[in-house]
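Please read the following account alongside the sequence and the coordinates. It goes through the contacts between chains, the cores, the surfaces around the DNA and a single chosen residue.

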2 protein chains.
Amino acid sequence: MLPKGRPRAFDRDAALERAMRVFWQKGYDSASMSDLTEAMQINAPSLYAAFGSKAGLFRAAVELYTNQVGRRIKNALPTAATAKEGIADFLKQTAISHTHPGQPHGCMVVLGALHGEEGADTPCSLLRERRLENVVLLRERLERGVREGELSPKADLQQIAEFYATVQHGMSITARDGATLDQLVKTAYAAMAAWEGLTAG
Amino acid sequence: MLPKGRPRAFDRDAALERAMRVFWQKGYDSASMSDLTEAMQINAPSLYAAFGSKAGLFRAAVELYTNQVGRRIKNALPTAATAKEGIADFLKQTAISHTHPGQPHGCMVVLGALHGEEGADTPCSLLRERRLENVVLLRERLERGVREGELSPKADLQQIAEFYATVQHGMSITARDGATLDQLVKTAYAAMAAWEGLTAG
DNA sequence: TTATTTATGTATCAATCATTACATAAAGGA
DNA sequence: TCCTTTATGTAATGATTGATACATAAATAA
């Protein structure tokens, strides 16, 4: 069941992964078509035929990032036996990912497109939605903790979720500034020192 | 003692403040000369005569931001009687500033130029230096706390400083995502819940 | 073969970027 | 008045941006 016309001469997935690296490192605006086509080792018409536009390529890159890099971090939440362990591992996995050798430091969802038009379907709004989804994931894990008796029903789960999401956001900046894995792990550990006070209800 | 030639027809300080707003809102790269000259209500040659270049204008804008917006935040540290109160107010002032009506949300030092060349004297490296200076300020306040008997000499002051700096970084992202003053104040309060655990030594 | 369909490489598009010539205007000094 | 100095507005600079036109190449279908 081969498609009709001339077959594509490049590996779409490999090219997308290279594009993701460029967006991750330089951000949407600073990543030029020249940067992208050079890294993907294709010409502009091939890029447009495969991804539609620069914005379309970015959307595909964000989805790949979410499924590849983001998955390990988010997976910590449902896997752990308790909300406390889940969030602790969530932050630890963030520290590991944000300082992983051979890849850009910090999170693409935080650093990939901070400035941009407020309108819908912009690269900026796309990433903001992902960040807000992250807060929801944290809160839902906390809600499970309440259901399972780990946490008091009086605890302000939204506050706790926003606090740890904010710490995670900040770790991207700190990682870009040159922090080591050890430093970020210590920051994650420091954030967990607030746990008892936050969940006292 | 007036200067010799034709006098400047615009208010340099007022124009600089308008430029600061543009850089603060859009970031260095996304702020075009058209954006800047329109906001400053001058033409490009006047901008270059007064500030040398776009990068020179940015440096001046960052210095204005530091002396104007940043001062209130940093002033919390030496003013407070204790390191704990100082950092608590530091975060609270950050929350207030980052959600202040009528000005861009989040911190210009964090959001103003995240991507850019690694070389020296770039807008990106300029802001990174300011962020690292912030960590030093926090650590120095903690050191004072040790000298004054508030904190144990065994406490990991660098860890504590980096943690609260990271929280502050994250608050810029969260503020840009639409968080309210109340939400950010709660996050600041949550971060202070870690204090006892962090300073136990 | 011939027709159709899709991909590729070259070369280019208009738009925008930061920056600057250049002529003119407005001040002080002689 | 005339000279020097600085500022201004217009207009344009070369470079780069994201996106395409076009001819050609490589596949399937008839």
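**Helices across the two chains**

α9(A) and α8(B) are roughly perpendicular to each other. In this predicted model, the angle between helix α9 of chain A, residues 181–192, and helix α8 of chain B, residues 157–176, is about 75 degrees, and their axes are 9 Å apart. That angle falls in the range of 65 to 115 degrees that counts as roughly perpendicular. On the α9(A) side the contact is made by Q183(A), K186(A), T187(A), A190(A) and A191(A). On the α8(B) side, Q159(B), I160(B), E162(B), F163(B) and T166(B) make the contact. Sorted by class, this helix pair brings together four nonpolar, four polar and two charged residues.

The helix pair can now be set within the contact between the chains. Chain A and chain B each contribute 34 residues to the contact. On the side of chain B that touches chain A, two or more residues come from each of α6 (108–111), α7 (123–147), α8, α9 (181–192) and α10 (195–198). Of these, α8(B) provides the largest share, 13 residues. The class count for this side of chain B is 14 nonpolar, twelve polar and eight charged residues.

Chain A itself has ten helices and zero strands. Its C-alpha trace spans about 65 × 40 × 35 Å along the principal axes. Of its 201 residues, 44% count as buried. Among contacts in chain A with a separation of 6 or more, 61% are between residues 24 or more positions apart.

Next come the cores. In soluble globular proteins, nonpolar side chains tend to be buried together. The largest nonpolar core here has 58 residues, and those with the most contacts inside it are Y164(A), A191(A), Y164(B) and A191(B). A191(A) is also one of the residues through which α9(A) meets α8(B). Leaving out residues up to four places away in sequence, Y164(A) touches I87(A), L91(A), L138(A) and A191(A). Apart from this core lies another, of 56 residues, which includes A19(A), V109(A), V62(B) and L114(B).

The DNA strands are taken in turn. Around DNA strand C there are 26 residues, of which G5(A), R6(A), R6(B), S32(B) and M33(B) come nearest. The surface near strand C draws at least two residues from each of α3 of chain A and α2 (33–40) and α3 of chain B. α3(A) gives the most, four residues. By class, the surface near strand C has 13 nonpolar, seven polar and six charged residues.

DNA strand D is surrounded by 26 residues, and the closest are R6(A), S32(A), G5(B), R6(B) and A9(B). Here at least two residues each come from α2 (33–40) and α3 (44–51) of chain A and α3 (44–51) of chain B. The largest share, four residues, belongs to α3(B). The surface near strand D divides into 13 nonpolar, seven polar and six charged residues.

Finally, is A60(B) buried or exposed? A60(B) is partly exposed, because 17 other C-beta atoms lie within 10 Å, whereas a buried residue needs 20 or more and an exposed one has 12 or fewer. A60(B) sits in helix α4 of chain B, residues 54–79. Not counting residues up to four places away in sequence, A60(B) touches L16(B) and F51(B). From A60(B) to K186(B) the separation is 126 residues in sequence and 33 Å in space, C-alpha to C-alpha.

Key: Residues are numbered from 1 along each chain as its sequence is written. Chains are lettered from A and ligands numbered from 1 in the order in which they are written. This is a predicted model: local features need pLDDT of at least 70, side-chain atom pairs count only at pLDDT 80 or more; totals for chains, interfaces and linings use all residues. Axes are lines fitted to C-alpha atoms, for helices over the stretch in contact, and angles run from 0 to 180 degrees between N-to-C directions. Angles under 35 degrees count as roughly parallel, over 145 as roughly antiparallel, 65 to 115 as roughly perpendicular and the rest as oblique. Two residues are in contact if their C-beta atoms, placed from the backbone, lie within 7 Å. Ala, Val, Leu, Ile, Met, Phe, Trp, Tyr, Cys and Pro count as nonpolar, Asp, Glu, Lys and Arg as charged, and the others, Gly among them, as polar. A residue is near a molecule or strand if its C-beta atom, placed from the backbone, lies within 6 Å of it. A nonpolar core is a set of buried Ala, Val, Leu, Ile, Met, Phe, Trp, Tyr and Cys residues joined through C-beta atoms within 7 Å.
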